[in-house]
Amino acid sequence: ILAFVALLLQLAYFVNPPSIGELGNFYSNSFGRFNWLRNFYLASPRIYIFVSTLFWLGFSIYFKQVLVNLHLASRRDFIPSIALLLVVSCLPIFLVMSVASWAAVTFFIALGMILGTSYNKTARSRYFTIGSLIGFGTVLYWPYAWVFLAVILILLSMRIFVIQELLALLLGFLFPLYLIWAVHYIATGNLFTGSSLALHYALPVAIQYKVATLVFIIFFILLTFYGTYVSRMGIIGNKLQHIKKWNGVLLFFFASVLVGLSGKIFPSNAFILPLLSFSIILCSALINNHKKYNTFTFYLVLVVVLSLQWVLRFI
């Protein structure tokens with residue numbers, strides 16, 4: 001059923017594949033460009049969209065399992081997966097597999113490890129792994145590096161301050177950066193120059209899909225407030241730990257929104273990172289104690305997504 005839903009949500013893009021110009025620099029990374037991604041899309045856009053669908057389908061299953069393990073989703077069904085698929089299917093720039101989406105996945109894996117870290121056990125190796133995941137995501141897509149500050153704040157809010165653990169986090173973050181620098185130097189004999197690095201941050205000066213983007217922003221803001229509200233109302237069990245986890249999700253979400261605005265055109269591939277944490281919030285809006293509203297919310301989201309795909313992005 002989940003695979004069928006995933007393919008159904010991408011039908012508009014199979015029927016009318018977006019032009020390469022709509023997708024922005026989805027193949028750009030911190031150290032240049034993966035031109036083979038661009039060439040792949042130009043050669044066969046429908047196959048690329050199919051591969052992208054498989055990518056998000058596979059990740060949605062992992063996404064669901066993380067939420068269940070963290071007790072952020074109370075049911076062992078695939079509503080969290082469907083929530084993620086609905087969100088990334090809104091616009092083609094989110095759906096297509098990009099360097100930013102790979103980086104966003106590594107950041108989400110790190111977020112899952114952060115929220116699952118025990119508050120009363122030594123976790124230096126875990127901190128190093130979290131830092132390495134953040135560093136690897138930064139190697140792929142530089143604007144996301146600023147989320148590292150939010151990661152530190154989340155960990156400090158969940159555990160007591162231990163200098164050795166924070167040093168392990170910092171070393172883990174620097175390790176992938178040092179590794180890519182060392183490999184480049186060994187392979188070429190040269191250091192990275194400023195012109196060869198995509199180390200920039202720019203705020204949007206233009207909007208793509210003007211009508212669709214406006215509807216998407218309204219939909220995004222309303223469901224953020226609603227999902228946050230019902231998540232607070234539905235806390236059960238160990239409330240202190242659960243509140244800390246939700247505070248971590250929200251802090252990560254707001255930090256990722258700031259880096260998601262990177263780029264001269266909005267929306268861009270950079271906005272994929274906030275969409276992942278937004279999917280957690282949307283999941284809480286679809287699975288909560290207000291059962292009579294859940295079905296209405298789901299169909300409302302579905303109608304909005306299909307409208308964005310088939311009608312609004314062409315206006």
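Where is the place of Ser101? Ser101 sits in helix α7. The views below come from a predicted model, in which local features need pLDDT of at least 70, side-chain atom pairs count only at pLDDT 80 or more, and totals for chains, interfaces and linings use all residues. Residues are numbered from 1 along each chain as its sequence is written, and side-chain values use heavy atoms, with hydrogens and water left out.

**View 1. Ser101 in helix α7.** Helices (H or I, at least four residues) and strands (E, at least two) are DSSP runs, numbered from the N terminus. Ser101 has a relative accessible area of 0%, so it is buried. Buried means under 20% relative accessible area, exposed over 50%, and partly exposed in between (1.4 Å probe, protein chains only). Setting aside neighbours within four places in sequence, Ser101 is in contact with Phe55, Trp56, Val96 and Ile272. Contact means heavy atoms within 4.5 Å.

**View 2. The largest nonpolar core.** A nonpolar core is a set of buried Ala, Val, Leu, Ile, Met, Phe, Trp, Tyr and Cys residues joined through side-chain atoms within 4.5 Å. This one has 100 residues. Phe94, Tyr144, Phe216 and Ile280 touch the most other members. Helix α7 (residues 99-115) gives the most to this core, with 13 residues. In soluble globular proteins, nonpolar side chains tend to be buried together.

**View 3. Phe94 and Val88.** Residues up to four places away in sequence are not counted in the contacts of Phe94. Beyond them, Phe94 touches Trp56, Val87, Val88, Phe216, Pro267, Ser268, Phe271, Ile272 and Leu275. Val88 belongs to helix α5. Val88 counts as buried because its relative accessibility is 1%. With residues up to four places away in sequence again left out, Val88 touches Trp56, Phe94 and Leu95. Val88 and Ile163 are 75 residues apart in sequence. In space they are 38 Å apart, C-alpha to C-alpha.

**View 4. Helix α5 against helix α13.** The axes of α5 (residues 79-88) and α13 (residues 272-286) come within 8 Å and cross at roughly 130°. That makes α5 oblique to α13. Axes are lines fitted to C-alpha atoms, for helices over the stretch in contact, and angles run from 0 to 180 degrees between N-to-C directions. Angles under 35 degrees count as roughly parallel, over 145 as roughly antiparallel, 65 to 115 as roughly perpendicular and the rest as oblique. From α5, Ile79, Pro80, Ala83, Leu84 and Val87 take part. They meet Leu275, Leu276, Phe278, Ser279, Leu282, Cys283 and Leu286 in α13. By class, this contact of α5 with α13 has 11 nonpolar, 1 polar and no charged residues. Ala, Val, Leu, Ile, Met, Phe, Trp, Tyr, Cys and Pro count as nonpolar, Asp, Glu, Lys and Arg as charged, and the others, Gly among them, as polar.

**View 5. Helix α11 against helix α13.** The axes of α11 and α13 are 8 Å apart, and the helices pack at an angle of about 55°. α11 and α13 are therefore oblique to each other. On the α11 side, the contact is made by Phe216, Phe219, Phe220, Leu223, Thr224, Tyr226, Gly227, Thr228, Val230 and Ser231. On the α13 side, Leu275, Phe278, Ile281, Leu282, Ser284 and Ala285 make it. The residues of the contact of α11 with α13 divide into 11 nonpolar, 5 polar and no charged.

**View 6. Helix α13 against helix α14.** The axes of α13 and α14 (residues 291-310) come within 8 Å and cross at roughly 135°. α13 and α14 are therefore oblique to each other. Leu282, Ala285 and Leu286 of α13 make the contact with Asn294, Thr297, Phe298 and Val301 of α14. The contact of α13 with α14 has 5 nonpolar, 2 polar and no charged residues.

**View 7. Backbone details in three loops.** A cis peptide bond joins Phe266 and Pro267, with omega about -5°. Pro267 lies in the loop between β4 (265-266) and α13. His71 is not a glycine, yet has a positive phi of about 60°. The loop between α4 (45-69) and α5 holds His71. At 56% relative accessibility, His71 counts as exposed. Tyr209, also a residue other than glycine, has a positive phi near 50°. Tyr209 lies in the loop between β3 (206-207) and α11 (210-233). Tyr209 is buried, with a relative accessible area of 9%.
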